[in-house]
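Open your viewer and get ready to select a few residues, one stop after another. At each stop, take a moment to look around before reading on.

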Amino acid sequence: MKKKLKAVLFDMDGVLFDSMPYHSEAWHKVMKSHGLTLSREEAYMHEGRTGASTINIVFQRELGREATQEADRKYLSGEKCFVQILSR
(Lines give C-alpha, C1' and ligand atoms only; values in the text may rest on other atoms or scores of the structure.)
Protein backbone atom coordinates (compact mmCIF):
# COMPACT_ATOMS: atom_id res chain seq x y z
CA MET A 1 0.00 0.00 0.00
CA LYS A 2 1.39 3.41 -0.96
CA LYS A 3 1.61 6.04 1.73
CA LYS A 4 0.97 9.65 0.92
CA LEU A 5 3.65 12.06 2.07
CA LYS A 6 2.34 14.75 4.37
CA ALA A 7 5.54 16.75 4.63
CA VAL A 8 9.14 16.90 3.51
CA LEU A 9 11.84 18.39 5.69
CA PHE A 10 15.09 19.78 4.30
CA ASP A 11 18.03 20.53 6.57
CA MET A 12 20.38 22.66 4.50
CA ASP A 13 22.19 24.46 7.31
CA GLY A 14 23.13 21.69 9.70
CA VAL A 15 20.61 22.47 12.42
CA LEU A 16 19.08 19.00 12.51
CA PHE A 17 22.09 17.00 11.33
CA ASP A 18 25.69 18.19 11.56
CA SER A 19 27.20 16.81 8.36
CA MET A 20 30.39 18.88 8.52
CA PRO A 21 32.51 16.13 10.15
CA TYR A 22 31.67 13.91 7.17
CA HIS A 23 32.37 16.70 4.67
CA SER A 24 35.74 17.46 6.25
CA GLU A 25 36.70 13.78 6.14
CA ALA A 26 35.65 13.53 2.48
CA TRP A 27 37.57 16.70 1.53
CA HIS A 28 40.67 15.41 3.33
CA LYS A 29 40.57 11.98 1.67
CA VAL A 30 39.90 13.30 -1.84
CA MET A 31 42.62 15.94 -1.70
CA LYS A 32 45.09 13.37 -0.35
CA SER A 33 44.18 10.94 -3.15
CA HIS A 34 45.11 13.69 -5.64
CA GLY A 35 48.40 14.49 -3.92
CA LEU A 36 47.11 17.70 -2.32
CA THR A 37 46.90 18.69 1.34
CA LEU A 38 43.69 19.80 3.03
CA SER A 39 43.45 18.88 6.70
CA ARG A 40 40.14 18.08 8.30
CA GLU A 41 40.54 21.24 10.40
CA GLU A 42 41.17 23.42 7.36
CA ALA A 43 38.09 21.98 5.66
CA TYR A 44 36.04 23.60 8.44
CA MET A 45 37.55 26.96 7.54
CA HIS A 46 36.10 26.61 4.04
CA GLU A 47 32.60 25.75 5.25
CA GLY A 48 30.07 27.69 3.17
CA ARG A 49 32.34 28.08 0.12
CA THR A 50 31.58 26.38 -3.15
CA GLY A 51 33.54 23.22 -3.84
CA ALA A 52 35.24 24.84 -6.83
CA SER A 53 36.34 27.77 -4.67
CA THR A 54 37.85 25.49 -2.03
CA ILE A 55 39.69 23.47 -4.67
CA ASN A 56 40.98 26.66 -6.29
CA ILE A 57 42.40 27.88 -2.97
CA VAL A 58 44.25 24.60 -2.48
CA PHE A 59 45.54 24.65 -6.09
CA GLN A 60 46.82 28.21 -5.70
CA ARG A 61 48.57 27.37 -2.44
CA GLU A 62 50.09 24.05 -3.45
CA LEU A 63 50.49 24.25 -7.23
CA GLY A 64 50.78 28.01 -7.75
CA ARG A 65 48.02 28.09 -10.34
CA GLU A 66 44.27 28.32 -10.79
CA ALA A 67 42.23 25.13 -10.88
CA THR A 68 40.67 24.36 -14.23
CA GLN A 69 38.35 21.49 -15.13
CA GLU A 70 40.28 19.43 -12.58
CA ALA A 71 38.19 21.18 -9.93
CA ASP A 72 35.02 19.65 -11.30
CA ARG A 73 36.48 16.14 -11.25
CA LYS A 74 37.82 16.54 -7.70
CA TYR A 75 34.51 17.99 -6.50
CA LEU A 76 32.54 15.11 -7.99
CA SER A 77 34.90 12.54 -6.47
CA GLY A 78 34.49 14.37 -3.15
CA GLU A 79 30.73 14.07 -3.34
CA LYS A 80 31.05 10.33 -3.98
CA CYS A 81 33.41 10.01 -1.03
CA PHE A 82 30.98 11.96 1.19
CA VAL A 83 28.14 9.57 0.30
CA GLN A 84 30.36 6.56 1.03
CA ILE A 85 31.34 7.96 4.43
CA LEU A 86 27.69 8.65 5.32
CA SER A 87 26.61 5.14 4.35
CA ARG A 88 28.99 3.44 6.82
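Start by selecting glutamate 66 and showing its neighbours in this predicted model. Leaving aside residues up to four places away in sequence, glutamate 66 touches Asn56, Phe59 and Gln60.

Now show the side chains. Which two side chains have polar contacts with that of glutamate 66? One belongs to asparagine 56, with a polar contact of 2.9 Å. The other belongs to glutamine 60, where the polar contact is 2.4 Å.

Next, pick the C-alpha atoms of glutamate 66 and asparagine 56. Although these residues are ten apart along the chain, their C-alpha atoms are separated by 5.8 Å.

Where does glutamate 66 sit along the chain? Switch to a cartoon view and you will find glutamate 66 in the loop between helix H3 (51-63) and helix H4 (70-86). Then turn on the surface: glutamate 66 has 48% relative accessibility, so it counts as partly exposed, a class that runs from 20% to 50%.

Zoom out to the whole protein chain. How many helices and strands can you count? There are four helices and zero strands, and reading along the sequence gives the pattern α-α-α-α. Of the 88 residues in the protein chain, 32% are buried. The protein chain exposes about 6,700 Å², with carbon and sulfur atoms supplying 56% of that area. If you look at contacts between residues at least 6 apart in sequence, 49% of them join residues at least 24 apart.

Your next selection is helix H1, residues 20-33. Try a small check of its length: at 1.5 Å a residue, its 14 residues should span 20 Å, and the end C-alpha atoms are indeed 20 Å apart, so the two agree. Colour the buried residues of H1, which are Met20, Ser24, Glu25, Ala26, Trp27, His28, Val30 and Met31. Just after H1, stop at glycine 35, which takes a positive phi of about 75 degrees.

For the last stop, move to the segment before H1 and select leucine 16. Is leucine 16 buried or exposed? With 60% relative accessibility, leucine 16 is over the 50% cut-off, so it counts as exposed. Add Leu9, Val15, Phe17 and Tyr22 to your selection: together with Leu16 they make a nonpolar surface patch of about 550 Å².

Key. Residues numbered from 1 in each chain as written. Predicted model: local features only at pLDDT ≥ 70, side-chain atom pairs only at ≥ 80, totals over all residues. Heavy atoms only, no water. Helix = DSSP H or I, 4+ residues; strand = E, 2+ residues; numbered from the N terminus. Buried < 20%, exposed > 50% of the residue type's maximum accessible area, 1.4 Å probe, protein only. Contact = heavy atoms within 4.5 Å. Polar contact = N/O pair within 3.5 Å; in protein donor to acceptor, adjacent residues only side chain to side chain. Areas by Shrake-Rupley, 256 points an atom, 1.4 Å probe, with all protein chains shown as cover. Expected span 1.5 Å × (residues − 1). Patch = residues over 30% accessible without salt bridge, like charges linked within 9 Å, V, L, I, M, F, W, Y side chains within 5 Å. Salt bridge = Lys/Arg side-chain N within 4 Å of Asp/Glu carboxyl O.
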